[in-house]
Amino acid sequence: MSAPARLGPAELRELFLFTDLQPAQLAWVAETGDVVTFPEGSDVSTEGEPAECFYVLLSGTLRMSRRVGRDEVETVRTDQPGVFSGAVQFYLGDQVTQVYPATVRAVTDCTFLALPAAEFAAVFRRWYPMAVHLLQGLFLGTRNSDELVGQRERLLALGKLTAGLTHELNNPAAAASRATSALRERVAGMRHKLALLAEGRFDGEQLRRLTELQERFVAGIGAVPELSALERSDREDELGDWLDDHDVERPWELAAVFVPAGLDPAALELVADAVDADFLEPALRWLSYTVETELLLGEILDSTSRISHLVGAAKQYSQLDRTPHQPTDLHEGLDATLVMLSAKTGPGIHVVKEYDRSLPPVPAYAAELNQVWTNLIDNALDAMAGEGTLTLRTAVDGDNAVVEVVDTGPGIPEPLRRRVFEPFFTTKPVGQGTGLGLDVAWRIVTTRHGGVLKVRSRPGETRFLVRLPLTEVPLPG
């Protein structure tokens with residue numbers, strides 16, 4: 001960089017930025033601003049570094065760029081004298097952290113007028129107090145609005161997830177409660193039947209054979225295949241006929257218990273052979289209590305296991321016990337998100353998982369990625385309106401992990417597709433969307449993880465593609 005030089009007031013007035021300044025104001029700029037030179041290829045300012053100077057281009061061509069993940073995206077290239085860069089929010093002073101919002105590089109040899117940001121801010125507030133107030137109100141108001149709407153977006157998402165989780169937890173909890181209540185009745189009935197058997201002429205040998213059959217029937221319950229409604233009805237009719245032929249009262253009650261346990265007429269013949277005819281019905285009633293008790297225990301175990309699974313999914317989703325950044329299994333996050341959104345995944349939605357199990361753990365902020373999956377899957381479900389196929393696909397592509405969320409909704413028209421990642425842009429009716437979900441997802445993927453988030457859409461297929469690096473990427477704080 002060459003030694004500082006100065007511009008006179010007349011030269012300053014030729015720049016559109018200073019044309020309307022008063023003579024005293026021009027004099028201050030002339031006395032305070034340094035003319036500095038940057039050779040071709042050198043950086044005038046670097047994005048994220050403390051902003052110390054307000055630069056006005058005098059000659060040459062500059063290139064302005066922003067970081068997007070691991071990429072540097074050019075936003076401006078110009079040789080127009082008077083364009084400005086650097087500490088462009090100088091007028092806010094210490095109300096914000098003053099850093100350079102972009103990197104400016106000299107494409108050719110360039111000269112700039114450099115004004116110290118702090119001094120310029122002080123004098124600018126004296127020159128234009130009303131303008132400064134308006135600018136401060138615009139900037140700070142927008143920032144506060146963004147924060148409030150962002151908080152609202154997160155609360156809405158949390159509300160949806162909480163409602164879904166509550167709904168999912170309520171079903172197995174209610175099932176376990178019902179099964180426990182029924183189990184208490186069955187155990188009481190079993191005690192009663194056993195007392196009746198003990199009071200009768202039921203010898204020990206018959207009781208031994210009956211007990212052996214009981215253990216045999218109970219052991220086979222876990223291997224019984226799931227029956228369709230028609231198959232179950234046919235088998236209950238067959239078993240009911242056998243019971244009716246053996247003068248058992250209310251045969252349909254026993255048939256409804258024995259069929260789910262896999263018992264058929266051949267199994268009941270074994271019971272008939274083991275006991276005297278007079279004691280067949282008491283023996284069958286006792287066995288029904290035993291079998292139903294085992295079925296209820298299985299239902300309770302299944303319900304409590306489901307609750308544990310849901311709690312585990314919620315814990316994985318929130319990452320409450322994890323360090324913020326670590327190698328992350330993307331499949332666990334996708335599965336946990338599906339569980340959290342299961343209340344919204346109705347019977348008309350077919351979920352397809354095409355996971356590449358060779359995908360290694362990805363260095364990531366797992367809880368933040370779960371926000372991405374939530375926004376993408378939630379939008380896909382909204383687009384399909386209760387009918388369609390949701391496909392989650394993972395793959396390895398070179399040094400990147402790829403996740404695709406695909407829905408069979410109506411698609412996103414081309415004019416809207418270019419705007420889906422803009423903050424506050426939404427295609428949903430007023431009050432149903434803030435337009436921040438995809439913006440948040442885009443920032444998490446690109447800024448926080450150095451990845452890429454894209455969308456491709458046509459009628460019947462909308463595909464959001466997330467690309468994440470498999471190795472650590474140095475990112476700005």
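This passage describes two helix pairs, an open sheet and selected residues in a predicted model.

Two packed helices are described by the angle between their axes and the distance between the axes. For helix α6, which spans residues 229-245, and helix α7, which spans residues 251-258, the axes come within 8 Å and cross at roughly 130°. Because angles over 145 degrees would be needed for a roughly antiparallel description and 65 to 115 degrees for a roughly perpendicular one, α6 is classed as oblique to α7. The crossing in which α6 passes α7 is right-handed. On the α6 side, the contact is formed by Arg232, Glu236, Leu239, Gly240, Leu243 and Asp244, and these residues meet Pro251, Leu254, Ala255, Ala256 and Phe258 of α7. Sorted by class, the residues of this contact comprise 7 nonpolar, 1 polar and 3 charged.

The loop between α6 and α7 contains Asp247, a residue other than glycine whose phi is nonetheless positive, near 60°. Most residues other than glycine have a negative phi. Asp247 has a relative accessibility of 65% and therefore counts as exposed.

An open sheet of 5 strands, with mixed pairing, is arranged in the order β10-β12-β13-β15-β14. Its edge strands are β10, covering 349-354, and β14, covering 452-458, each of which pairs on one side only. From one strand to the next, the twist averages 15°. The pairing of β10 with strand β12, which covers residues 388-397, is in the parallel sense and extends over 6 bridges; within this arrangement, Glu354 has Arg393 in β12 as its bridge partner.

Helix α10, formed by residues 330-340, lies across four of the strands named above, namely β10, β12, β13 (400-407) and β15 (461-469), and runs at about 165° to β12. Helix α10 is also paired with helix α11, formed by residues 366-384, the two axes coming within 9 Å and crossing at roughly 50°. The helices α10 and α11 are therefore oblique to each other, and their crossing is right-handed. The residues that make the contact are Leu330, Gly333, Leu334, Thr337 and Leu338 from α10, together with Leu369, Asn370, Trp373, Thr374 and Ile377 from α11. In terms of class, the contact of α10 with α11 has 6 nonpolar and 4 polar residues, and no charged residues.

Residue Val403, which is found in strand β13, illustrates how these elements are connected. With a relative accessibility of 1%, where the cut-off for burial is under 20%, Val403 counts as buried. When neighbours within four places in sequence are left aside, the residues in contact with Val403 are Leu330, Leu334, Trp373, Arg393, Thr394, Phe464, Leu465 and Val466. Among these, Leu330 and Leu334 of α10 and Trp373 of α11 also take part in the contact between the two helices, while Arg393 of β12 is the bridge partner of Glu354. The C-alpha atoms of Val403 and Trp373 lie 9.4 Å apart in space, although the two residues are separated by 30 residues in sequence.

A further positive phi is found at Ala385, a residue other than glycine, where the value is near 50°. Ala385 is located in the loop between α11 and β12, and its relative accessible area of 65% is the reason why Ala385 is classed as exposed.

How values were computed: Residues numbered from 1 in each chain as written. Predicted model: local features only at pLDDT ≥ 70, side-chain atom pairs only at ≥ 80, totals over all residues. Heavy atoms only, no water. Axes fitted to C-alpha atoms, helices over the stretch in contact; angles between N-to-C directions. Parallel < 35°, antiparallel > 145°, perpendicular 65-115°, else oblique. Left-handed = near helix turned anticlockwise from the far one by under 90°. Contact = heavy atoms within 4.5 Å. Nonpolar A, V, L, I, M, F, W, Y, C, P; charged D, E, K, R; others polar. Pairing = 2+ DSSP bridges. Buried < 20%, exposed > 50% of the residue type's maximum accessible area, 1.4 Å probe, protein only.
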